[in-house]
There are 2 protein chains.
Amino acid sequence: MSLENIRIVMDQTYHPGNIGAAARAMKNMGLSSLYLINPRCFPDDEATSRAAGALDILENTTVVSSLDEAIEDCSLVIGTSARSRSFPRPVLSAKDSAAKLATEANQGPVALLFGRERMGLESKQLERCHFHTEIPANPDYPILNVSSAIQILCYEIWQYENGESLRVKEESEENVVYPSVKEVELFNQHLEETLRDTGFLNDIHQGEAMNRLIRLANRVRPEQKELRMLRGILNSIQEVAGKK
Amino acid sequence: MSLENIRIVMDQTYHPGNIGAAARAMKNMGLSSLYLINPRCFPDDEATSRAAGALDILENTTVVSSLDEAIEDCSLVIGTSARSRSFPRPVLSAKDSAAKLATEANQGPVALLFGRERMGLESKQLERCHFHTEIPANPDYPILNVSSAIQILCYEIWQYENGESLRVKEESEENVVYPSVKEVELFNQHLEETLRDTGFLNDIHQGEAMNRLIRLANRVRPEQKELRMLRGILNSIQEVAGKK
């Protein structure tokens with residue numbers, strides 16, 4: 001069963017009740033892996049009470065202190081967003097996100113990221129995501145409670161895994177191996193180093209150019225094979241630049 | 001708009017927080033009509049706090065003392081049930097229930113009925129329903145929190161009313177300028193030339209590597225700005241390779 005590879009990540013949750021409700025929503029839909037980034041209060045009685053029959057999930061919850069720790073071994077990261085921000089990123093429906101997560105979870109851990117109660121995810125966090133997902137809602141009041149949003153996404157995942165009709169499996173995707181967040185980070189470091197060697201990056205405009213490049217790379221989502229080829233190119237550039 | 005004719009009915013709710021959460025879930029999905037049959041505590045601070053931006057729904061909630069009063073003007077009543085009981089009754093999926101409710105709401109009030117937190121609906125209440133609906137869930141722990149169940153049904157109703165969930169909005173794309181095919185071709189030529197300069201491409205494996213790179217570039221679909229930046233990188237590489 002691949003559902004255990006689907007990780008729910010909650011950032012800086014303010015109300016512990018929402019953590020309990022999330023655990024219950026997850027267990028109802030067959031998920032079990034919950035990560036909390038710097039929760040305000042956890043463990044907490046309110047979380048325990050709202051979890052009801054899902055205490056096992058709370059007991060096995062992983063508390064971390066940064067987004068990096070929560071996602072570094074994941075090959076796919078989808079972030080939830082109430083509204084599209086200033087920068088472009090593919091937006092998937094809840095249903096399509098569920099399909100993608102369930103499919104890629106066959107190969108290893110994948111993450112679904114939820115922001116703080118009032119603010120949602122920050123731009124910097126959203127930039128770390130391969131896709132954004134948006135739950136369609138009433139424009140007069142589109143802000144769902146975080147555990148309700150988790151409930152809906154988990155429901156769609158369960159439907160996809162167990163539903164009959166909706167199973168449009170992305171078969172062609174099944175054999176593709178994506179690199180982990182960590183591998184991509186190492187690539188980004190290598191890229192930056194190389195661009196410094198060629199003189200393209202200098203201290204003046206370095207920050208912005210690297211951000212653009214990382215955004216571009218995240219959008220393309222290179223496969224593991226492709227990433228290796230790109231690193232080969234970087235090595236060849238460093239050689240002619242006399243740095244290797 | 002027919003959504004105002006879809007009535008959520010909660011029977012003998014024990015935790016007032018669930019009433020507030022239900023109101024919020026309803027408003028998020030465009031519903032507004034909430035009926036409570038003999039709630040234990042209402043109004044209540046916990047309900048108010050959990051309702052967040054949906055206080056108007058709590059203020060307009062109708063409290064009644066019997067199921068009859070809650071449904072007597074309705075042409076369709078659907079009851080939620082965790083598991084099918086001893087007597088036969090058609091069971092609809094959440095999605096089919098949503099479609100039925102939204103369709104019949106064009107003609108007048110329809111009701112969706114939720115039981116008490118621990119017990120769900122009693123047999124006598126279920127008998128009053130035209131259909132039952134069951135949210136598919138993990139058989140190890142299928143009992144959803146009542147407001148979570150309301151959230152899922154309301155989500156399916158909103159999805160039905162507002163068309164396919166698959167509306168992949170890439171609104172932010174609107175201001176993006178993409179390069180022409182010609183510009184992309186020139187870029188590909190420049191890339192090939194550069195990779196030859198660094199020695200990465202040689203006559204032996206050149207074809208396959210270039211094909212892979214072009215496929216990758218096509219997938220990413222760089223914007224015009226990004227393509228210019230990439231050409232800047234290529235120039236900087238050619239310079240260190242002593243070819244420019």
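**Figure 1. B:Met10 and its bridge partner in strand β6(B).** In this predicted model, B:Met10 has B:Phe114 of β6(B) as its bridge partner. The two strands involved, β1(B) and β6 (residues 110-114) of chain B, run in the parallel sense and are joined over five bridges. A second neighbour of β1(B) is strand β2 (residues 33-37) of chain B, and this pairing is also parallel, with five bridges. Here we can pick out B:Asp11, whose bridge partner in β2(B) is B:Ile37.

**Figure 2. The two faces of strand β1(B).** Let us stay with β1, residues 6-11 of chain B, and look at its side chains. In a regular strand, side chains alternate between the two faces of the sheet. In β1(B), B:Ile6, B:Ile8 and B:Met10 point one way, while B:Arg7, B:Val9 and B:Asp11 point the other way. Are these side chains buried or exposed? Both sets are buried, and the strand is mostly covered, with six of its six residues buried.

**Figure 3. The contact of chain B with chain A.** Chain B brings 58 residues to this contact and chain A brings 61 residues. Together the chains bury about 5,200 Å², and 60% of that area lies on carbon and sulfur atoms. How many salt bridges cross the interface of chain B and chain A? The rule finds zero, although 22 residue pairs, both members at pLDDT 80 or more, are in polar contact between the chains. On the chain B side, at least two residues each come from several helices, among them α1 (16-28), α5 (94-104) and α8 (181-197). Helix α10(B) gives the largest share of that side, nine residues. Sorted by type, the chain B residues touching chain A are 31 nonpolar, 13 polar and 14 charged.

**Figure 4. A buried salt bridge between two helices of chain A.** Side chains of opposite charge can pair when their charged atoms come close. The whole structure holds 14 salt bridges over all chains. One of them joins A:Lys95 to A:Glu156, with the closest N and O atoms 3.4 Å apart. A:Lys95 sits in helix α5 (residues 94-104) of chain A and A:Glu156 in helix α7 (residues 146-162) of chain A, so this pair ties together parts that are 61 residues apart in sequence. Both A:Lys95 and A:Glu156 are buried.

**Figure 5. A salt bridge along helix α8 of chain A.** A:Arg196 and A:Glu192 meet through their side chains in a salt bridge, at 3.2 Å from N to O. They are about one helical turn apart because they lie four residues from each other in helix α8 (residues 181-197) of chain A. Each counts as partly exposed: A:Arg196 has 35% relative accessibility, and A:Glu192 has a relative accessible area of 24%.

**Figure 6. A salt bridge along helix α2 of chain B.** Here the side chains of B:Arg50 and B:Glu46 form a salt bridge, with 4.0 Å from N to O. The two residues are four apart in helix α2 of chain B, which means that about one helical turn separates them. Which accessibility class does B:Arg50 fall into? At 17% relative accessibility, B:Arg50 counts as buried, because the cut-off is under 20%. B:Glu46, at 35%, counts as partly exposed. Elsewhere, salt bridges with shared partners link A:Asp68, A:Arg128 and A:Glu185 into one network.

Methods:
Residues numbered from 1 in each chain as written. Chains lettered and ligands numbered in written order. Predicted model: local features only at pLDDT ≥ 70, side-chain atom pairs only at ≥ 80, totals over all residues. Heavy atoms only, no water. Contact = heavy atoms within 4.5 Å. Buried area = accessible area lost by both parts, 1.4 Å probe. Polar contact = N/O pair within 3.5 Å; in protein donor to acceptor, adjacent residues only side chain to side chain. Nonpolar A, V, L, I, M, F, W, Y, C, P; charged D, E, K, R; others polar. Buried < 20%, exposed > 50% of the residue type's maximum accessible area, 1.4 Å probe, protein only. Pairing = 2+ DSSP bridges.
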